[in-house]
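Me: I would like to learn how to read a structure feature by feature, with the general idea set out before the particular case. Could we work through one together?

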Amino acid sequence: QVQLVESGGGLVEAGGSLRLSCSASGTRVGAKTMAWYRQAPGKQREFVASVANGDPTTYADFVKGRFTISRLGAKNTIWLQMSSLQPEDTGTYYCVAQFAVGPVGDHWGQGTQVTVSS
């Protein structure tokens with residue numbers, strides 16, 4: 001059974017930085033894509049960034065230039081370096097691993113809370 005664990009969230013002042021980590025266990029298969037989503041209170045979950053096996057990255061417009069997603073080769077571990085954080089970045093950040101073989105489908109973590117104070 002694939003399990004994802006996120007870490008690195010916390011409370012930071014506006015303009016500060018945080019680095020989130022996510023690691024998937026329970027399979028030796030490399031995920032096709034791993035991504036970060038976030039959900040603010042009262043809002044729908046939204047896409048933040050993704051990294052595919054082979055390194056192509058995609059970002060939501062609202063984080064371009066501020067956040068960087070990275071992955072160690074084909075390993076199922078990713079990071080999200082977040083800089084110039086703003087109060088509107090507050091929310092629960094979720095990691096998802098998408099598999100095309102093996103444990104096919106999307107596997108989500110429990111989330112890590114990011115709070116940015118003004």
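Reply: The turns below take up a sheet, a disulfide, a cluster of rings and two single residues, and throughout please keep in mind that this is a predicted model.

Me: Let us begin with the sheet: what is the order of the strands in the open sheet of four strands?

Reply: In general, the strands of a sheet pair through backbone hydrogen bonds, and the pairing is either parallel or antiparallel. Here the open sheet of four strands runs in the order S1-S3-S8-S7, with antiparallel pairing. Its edge strands are S1 (3–7) and S7, each of which pairs on one side only, and neighbouring strands of this sheet are turned against each other by 15° on average, with direction ignored.

Me: How many bridges join S3 to S8, and which residue is the bridge partner of Leu20 in S8?

Reply: S3 and S8 (residues 77–82) run antiparallel and are joined by six bridges; within that pairing, Leu20 has Leu80 as its bridge partner in S8, while Ser23 has Thr77. On the S1 side, five bridges join S1 to S3, again in an antiparallel arrangement, and Glu6 stands opposite Cys22 in S3.

Me: Which residues of S3 make up its covered face, and which its uncovered one?

Reply: The general idea is that in a regular strand the side chains alternate between the two faces of the sheet. In S3, the covered face consists of Leu18, Leu20, Cys22 and Ala24, whereas the uncovered face consists of Arg19, Ser21, Ser23 and Ser25.

Me: Cys22 has now come up twice, so which residue does the disulfide join to Cys22?

Reply: The structure holds one disulfide, and it joins Cys22 to Cys95 with an S to S distance of 2.0 Å. The pair links distant parts of the chain, since Cys22 belongs to strand S3 (residues 18–25) and Cys95 to strand S9, 73 residues apart. The link is left-handed, with -80° about the S-S bond, and both Cys22 and Cys95 are buried.

Me: Staying with S9, is Ala97 buried or exposed, and with which residues is Ala97 in contact?

Reply: Ala97, found in strand S9 (residues 91–99), counts as buried because its relative accessibility is 0%. Leaving aside neighbours within four places in sequence, Ala97 is in contact with Leu4, Ala31, Thr33, Met34, Gly105, Asp106 and His107.

Me: How should I read the aromatic pairs, and why does the pair of Tyr37 and Phe47 count as edge-to-face?

Reply: Reading such a pair rests on the angle between the ring planes, for which edge-to-face requires over 60 degrees. The rings of Tyr37 and Phe47 have their centres 5.6 Å apart and their planes at 75°, so this pair is edge-to-face. Tyr37 lies in strand S4 (residues 33–39) and Phe47 in strand S5 (residues 46–52), so the pair ties together parts that are 10 residues apart in sequence. The rings of Tyr37 and Trp108, with centres 5.2 Å apart and planes at 65°, are also edge-to-face, and as Trp108 lies in strand S10 (residues 105–108), that pair ties together parts 71 residues apart in sequence. Ring pairs thus link Tyr37, Phe47 and Trp108 into a cluster.

Me: Finally, is Arg71 buried or exposed?

Reply: Arg71, which lies in strand S7 (residues 67–71), counts as buried because its relative accessibility of 10% falls under the 20% cut-off. The side chain of Arg71 makes a polar contact with the side chain of Asn76 at 3.4 Å.

Notes:
Residues are numbered from 1 along each chain as its sequence is written. This is a predicted model: local features need pLDDT of at least 70, side-chain atom pairs count only at pLDDT 80 or more; totals for chains, interfaces and linings use all residues. Side-chain values use heavy atoms; hydrogens and water are left out. Helices (H or I, at least four residues) and strands (E, at least two) are DSSP runs, numbered from the N terminus. Buried means under 20% relative accessible area, exposed over 50%, partly exposed in between (1.4 Å probe, protein chains only). Contact means heavy atoms within 4.5 Å. A disulfide is a pair of cysteine sulfur atoms within 2.5 Å. A polar contact is a pair of N or O atoms within 3.5 Å; within protein, one must be able to donate a hydrogen and the other to accept it, and residues adjacent in sequence count only if both atoms are side-chain atoms. Two strands pair if DSSP finds at least two bridges between them. Axes are lines fitted to C-alpha atoms, for helices over the stretch in contact, and angles run from 0 to 180 degrees between N-to-C directions. Rings of Phe, Tyr and Trp (its six-membered ring) pair if their centres lie within 6.5 Å; planes under 30 degrees apart count as stacked, over 60 as edge-to-face and the rest as tilted.
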